[in-house]
Amino acid sequence: MKVLIVEDETVAYESLADILLEIDPDIEIAGNTEGVSQTVKWLQNNPLPDLILMDIHLSDGSAFSIFDYINVETPIIFTTAYDEYAIDAFKVNSVDYLLKPIKSEELERALEKFGKWTRTEISQYLSRITQMAPGQKYRDKLLIPHKDQYLPVSLTNISCFYNTDKNTRVFLKDGSNYAYSKSLDQIMLSLNPADFIRANKQFIIARDSVKKITIWIDRRLLIILDVETPERIYISKNKASEFKAWIVNDI
């Protein structure tokens, strides 16, 4: 496992690194960054680590500022000295944190927990983290490469994102569609969850594009959008309640 430690206090970094190697000598400390800008550059220029341990208060600002510059796609465990506001926010959003001084057994439990998570669980966790960032800003346009151009497309003109065989396409409300290079997990991190939802493995759909909802066999929901889609869109029965709350903006 490769771990990035975001910590601006040398003693705290060295202690954390020692505990990690004590827990598992095979863990590789991929790097140590001390501030927001340094962390953004590191993540942009290095292979993604498997886990990030991140102090909240960094040398040049709050760690949450990192999410204003980059989509982080690696699980994060926050570390902090007692911070009532931050801890309350973590509890409300079910985000993992460790109180300083870090205890070996608590860190070991956290490592075991993240090691068992699926890609979908990691994506949902990261979405909760990014929503915690104060002043979180979501994209309002996409630049879609098309032939020798970039097409600026407002998100209000998008009906859905569709992925199959690792290829993603963006479907616009005018019926056109275009190839897009990012995965649905990556796309979802930059979208306002009030406007878009991950319907299933194949689709992210826009709330204002939903035109018809049919209660299907075994309590699934069949969703009809304002554009023709390559395949039917079903919401599983387990996600039906969440979807119905989202569609009426009751979440």
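Trainee: What makes the largest pocket a pocket rather than a cavity?
Mentor: A cavity is a space where a 1.4 Å probe fits but cannot get out, while a pocket is open. In this predicted model, the largest pocket has a volume of about 930 Å³.

Trainee: How do you know which residues are closest to its centre?
Mentor: Start from the lining, where a residue counts if it has an atom within 4 Å of a point of the pocket. The largest pocket has 33 lining residues. Closest to the centre are Q124, M188, R198, K239 and E242.

Trainee: Which elements give two or more residues to that lining?
Mentor: Two strands do, β11 (167–172) and β13 (196–198). Three helices do too: α5 (119–132), α6 (184–189) and α7 (240–247). The largest share comes from α5, with 7 residues.

Trainee: How does the lining of the largest pocket divide by class?
Mentor: Polar residues number 15. Nonpolar and charged residues number 9 each. Glycine is counted among the polar ones.

Trainee: Let's take α7. Which of its residues are called buried?
Mentor: A240, F243, A245 and W246. Buried means under 20% relative accessible area, so each of these falls below that cut-off.

Trainee: What do the buried residues of α7 pack against?
Mentor: Strands. They are β13, β14 (203–206), β15 (210–215), β16 (221–225) and β17 (233–235). After α7 comes N249, with a positive phi near 60°.

Trainee: Now α1. How do you know its length is close to the expected one?
Mentor: Helix α1 covers residues 10–23, which is 14 residues. The expected span is 1.5 Å times one less than the number of residues. That gives an expected 20 Å, and the first and last C-alpha atoms of α1 are 20 Å apart. The two values agree closely.

Trainee: Why are the buried residues of α1 said to be on the same side?
Mentor: The buried residues are A12, L16, A17, I19 and L20. They span an arc of only 160° around the axis, so they sit on the same side of α1. The face turned away from that side carries the exposed residues T10, V11, D18 and E22.

Trainee: What does the buried side of α1 pack against?
Mentor: Its buried residues pack against three strands and a helix. The strands are β1 (2–6), β2 (28–33) and β3 (51–55), and the helix is α4 (104–115).

Trainee: What makes the buried residues of α4 line one face?
Mentor: In α4, L107, A110, L111 and F114 are buried. Their arc around the axis is 100°, so they line one face of the helix. The span of α4 is also close to expectation: 12 residues reach 16 Å, with 16 Å expected.

Trainee: Why is S104 called partly exposed?
Mentor: Its relative accessible area is 22%. Buried needs under 20% and exposed needs over 50%, so a value in between is partly exposed. S104 lies in α4.

Trainee: What is S104 in contact with, beyond its neighbours within four places in sequence?
Mentor: I19, E22 and I23. Contact here means heavy atoms within 4.5 Å.

Trainee: What comes between β7 and α4?
Mentor: A loop that holds P101. The peptide bond from K100 to P101 is cis, with omega near -5°.

Trainee: Why is K147 called exposed?
Mentor: Its relative accessibility is 79%. Exposed means over 50%, so K147 passes. K147 is in the loop between β8 (141–146) and β9 (149–154). Its phi is positive, about 55°, although K147 is not a glycine.

Trainee: What makes D165 exposed?
Mentor: The relative accessible area of D165 is 69%. The cut-off is over 50%, so D165 counts as exposed. D165 lies in the loop between β10 (158–164) and β11. Its phi is near 50°, a positive value in a residue other than glycine.

Trainee: Last, the whole protein. How many helices and strands are there?
Mentor: There are 7 helices and 17 strands. The C-alpha atoms fill a box of roughly 60 × 45 × 35 Å along the principal axes.

Trainee: What share of the residues is buried?
Mentor: Of the 251 residues, 45% are buried. As for contacts with a separation of 6 or more, 54% come from residues 24 or more positions apart.

Conventions. Residues are numbered from 1 along each chain as its sequence is written. This is a predicted model: local features need pLDDT of at least 70, side-chain atom pairs count only at pLDDT 80 or more; totals for chains, interfaces and linings use all residues. Side-chain values use heavy atoms; hydrogens and water are left out. On a 1 Å grid over the protein atoms alone, a cavity is a set of points where a 1.4 Å probe fits but cannot get out, and a pocket is an open set with protein on both sides within 12 Å along at least five of seven lines; lining residues have an atom within 4 Å of a point. Grid points are joined across faces, edges and corners, and a volume is the space filled by probe spheres set on the points. Helices (H or I, at least four residues) and strands (E, at least two) are DSSP runs, numbered from the N terminus. Buried means under 20% relative accessible area, exposed over 50%, partly exposed in between (1.4 Å probe, protein chains only). The arc is that of the directions from the helix axis to the C-beta atoms.
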